[in-house]
Amino acid sequence: MSQPYLLYETDPTYQMAVKQLKDAAALLGLPDEIIEVLRHPERLLQVKIPVRMDNGKIKVFIGWRSQHNSALGPYKGGIRYREDVNPGEVVALSMWMTWKNSLAGIPYGGGKGGIRVNPKELSPRELEELSRKFFAAISRIVGPDVDIPAPDVYTNPQTMAWYFDEYSKIVGYNAWGVVTAKPPLLGGLNVRVVSTGYGVALVAREAAKRWIGGVEGKTVAIQGFGNVGRYAALYLKEWGATIVAVSDRSGAVYDPNGLDVEELMKVKNETRKVINYKKGDVKIISNEELLELPVDILVPAATENVITEKNADNIKAKVISEGANGPTTPEADLILHKKGVVVIPDILANAGGVTMSWIEWSHNRMGCWLTDEEALNRLDRMMTHNFNRVYDEWQKKYSDHPMRAAAYAIAVDRVVKAMKLRGWI
Ligand code: NAD
């Protein structure tokens with residue numbers, strides 16, 4: 001075998017992404033030459049960012065932007081600040097964004113970026129200089145019609161405001177559509193913060209209609225009570241489900257008669273731990289026990305690899321909506337599929353954030369700002385329609401496989417068909 005010569009090829013995250021691509025290609029019967037086209041990004045840019053630190057010295061940071069595929073539209077994906085970011089991870093994440101956006105049915109390709117930095121070690125001024133210089137350095141390859149970044153790990157609406165401003169200065173006009181998840185005053189949406197959790201709840205609601213007769217009166221357990229978990233809980237409760245258990249790193253609270261979600265949010269905000277919730281007949285249990293509770297719907301919204309071959313057999317939920325990225329291992333996915341559990345894969349279930357980004361971007365481009373209600377209604381319509389489209393195609397063509405395998409196949413198929421139509425392959 002020839003020695004890998006590309007700097008991302010030896011990265012384990014990249015290799016995992018390529019394996020998933022190969023599995024999807026096998027299901028679709030695609031030849032190796034198509035895998036060869038899709039396993040590389042269309043463009044990978046590395047930039048140098050010299051920052052004048054507060055101590056007067058210059059420190060050089062390195063950043064990347066990977067543009068994986070643009071057959072379905074401009075590249076779209078976040079930018080992360082972490083001290084262990086590397087090109088392999090960035091390329092892999094950009095490939096996953098291609099599949100996620102394709103599956104979500106939004107007219108975007110996939111992109112991702114990152115700077116190798118520990119943002120906690122920088123002052124606010126240093127962070128601003130780093131952000132502005134990074135965006136200026138990649139400004140030739142981004143733009144409202146070309147590549148539209150968004151926040152990711154340790155970047156936020158303030159970072160997007162700096163990016164937007166820097167880019168607007170370069171092009172000489174307010175380029176609202178160059179980034180999404182901006183502060184509301186600069187064309188962002190207040191409801192961006194609830195959108196991923198809302199989407200996780202929406203697809204759980206749709207799967208419940210198909211599989212267990214709807215969410216009303218059903219019981220729900222949620223692992224992780226952060227940005228995703230808390231809003232999934234809030235909306236599922238609003239639609240008539242009973243939230244019986246939630247957790248965070250401190251442990252889990254369980255009340256078979258139902259928890260008060262607003263009170264839980266208050267307790268979590270004030271004390272940072274859900275185990276300080278004291279209402280009703282509440283019991284404290286472990287995160288492992290939460291996953292195995294006798295509930296109808298389970299929402300893993302904390303971290304990866306929590307549902308494994310060790311506990312999959314003990315899971316009693318009939319519908320699992322993956323808020324977190326990668327909470328279920330491939331072995332567990334197969335066990336659950338054989339047991340008749342619908343696992344709505346992360347790539348489909350947690351696409352509410354990027355779909356809301358598309359809503360923000362498309363209205364920015366028309367020069368009109370949406371109300372919160374209009375934006376949420378739009379997200380509901382899009383995710384409901386999309387979930388049902390994917391669900392039907394899974395049942396029709398790939399029902400021998402878990403929904404995840406079908407989701408990847410559908411996503412890759414759309415990209416390949418777009419490339420064929422455009423004459424790229
Ligand atoms: P967050 O940091 O706001 O919340 C995470 C929650 O999980 C916290 O309550 C934390 O205490 C809990 N937690 C962490 N490790 C845990 C463990 N081992 N056991 C139990 N609880 C644990 O993060 P978030 O934004 O809600 O993201 C959660 C997951 O959803 C991540 O996998 C993230 O990648 C994914 N995701 C988030 C978004 C988004 O828009 N926020 C979008 C797509 C995917």
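**Exercise 1. Valine 244**

Task: In this predicted model, determine which strand holds V244 and whether V244 is buried or exposed.

Solution. Step 1: V244 belongs to strand β7, which covers residues 242-248. Step 2: The relative accessible area of V244 is 2%. Step 3: A residue counts as buried under 20% relative accessible area, so V244 is buried. Step 4: For its position relative to T196, take the C-alpha atoms of V244 and T196, which are separated by 21 Å, with the two residues 48 residues apart along the chain.

**Exercise 2. Glutamate 206 and asparagine 388**

Task: State which helix contains E206 and which contains N388, and classify each residue as buried or exposed.

Solution. Step 1: E206 is part of helix α6, residues 192-211, and N388 is part of helix α13, residues 372-397. Step 2: E206 has a relative accessible area of 4% and is therefore buried. Step 3: N388 has a relative accessibility of 16%; the limit for a buried residue is under 20%, so N388 is buried as well. Step 4: Distances in sequence and in space can now be set side by side. E206 and H385 are 179 residues apart in sequence, with 9.4 Å between their C-alpha atoms. N388 and D260 are 128 residues apart along the chain, and their C-alpha atoms are separated by 30 Å.

**Exercise 3. Two residues with positive phi**

Task: Locate A181 and R272, give the phi angle of each, and decide whether each is buried or exposed.

Solution. Step 1: A181 is in the loop between α5 (157-171) and α6, while R272 is in the loop between α8 (261-271) and β9 (283-285). Step 2: Although A181 is not a glycine, its phi is positive, at about 65 degrees. R272, also not a glycine, has a positive phi of about 70 degrees. Step 3: A181 has a relative accessible area of 6% and is thus buried. R272 reaches 68% relative accessibility; exposed means over 50%, so R272 counts as exposed.

**Exercise 4. Domains and the nonpolar core**

Task: Give the bounds of the domains, and explain where the largest nonpolar core lies relative to domain 1 and domain 2.

Solution. Step 1: The domain assignment places domain 1 at residues 41-174 and domain 2 at residues 194-344. Step 2: The C-alpha centres of domain 1 and domain 2 are 32 Å apart. Step 3: The largest nonpolar core has 96 residues; those touching the most other members are L38, W99, L236, V246, I297, V299 and I344. Step 4: Helix α14 (residues 403-421) contributes the most to this core, giving 12 residues. Step 5: Because domain 1 and domain 2 both give residues to this core, the core lies between them. As a general background, nonpolar side chains in soluble globular proteins tend to be buried together.

**Exercise 5. The surroundings of the ligand**

Task: Identify which residues come nearest to the ligand, and describe the polar contacts made by N227, R249 and G323.

Solution. Step 1: The ligand has 17 residues around it, and T196, N227, V228, R249 and N325 come nearest. Step 2: By class, this shell consists of 5 nonpolar, 9 polar and 3 charged residues. Step 3: A backbone N or O atom of N227 is 3.0 Å from an oxygen atom of the ligand. For R249, a polar backbone atom lies 3.1 Å from a ligand oxygen atom; for G323, the corresponding distance is 3.3 Å. Step 4: The ligand taken alone exposes 830 Å², of which the protein buries 67%.

Note on methods
Residues numbered from 1 in each chain as written. Predicted model: local features only at pLDDT ≥ 70, side-chain atom pairs only at ≥ 80, totals over all residues. Heavy atoms only, no water. Near = heavy atom within 4 Å. Polar contact = N/O pair within 3.5 Å; in protein donor to acceptor, adjacent residues only side chain to side chain. Areas by Shrake-Rupley, 256 points an atom, 1.4 Å probe, with all protein chains shown as cover. Nonpolar A, V, L, I, M, F, W, Y, C, P; charged D, E, K, R; others polar. Domains from an automatic or database assignment. Core = buried A, V, L, I, M, F, W, Y, C linked by side-chain atoms within 4.5 Å. Buried < 20%, exposed > 50% of the residue type's maximum accessible area, 1.4 Å probe, protein only. Helix = DSSP H or I, 4+ residues; strand = E, 2+ residues; numbered from the N terminus.
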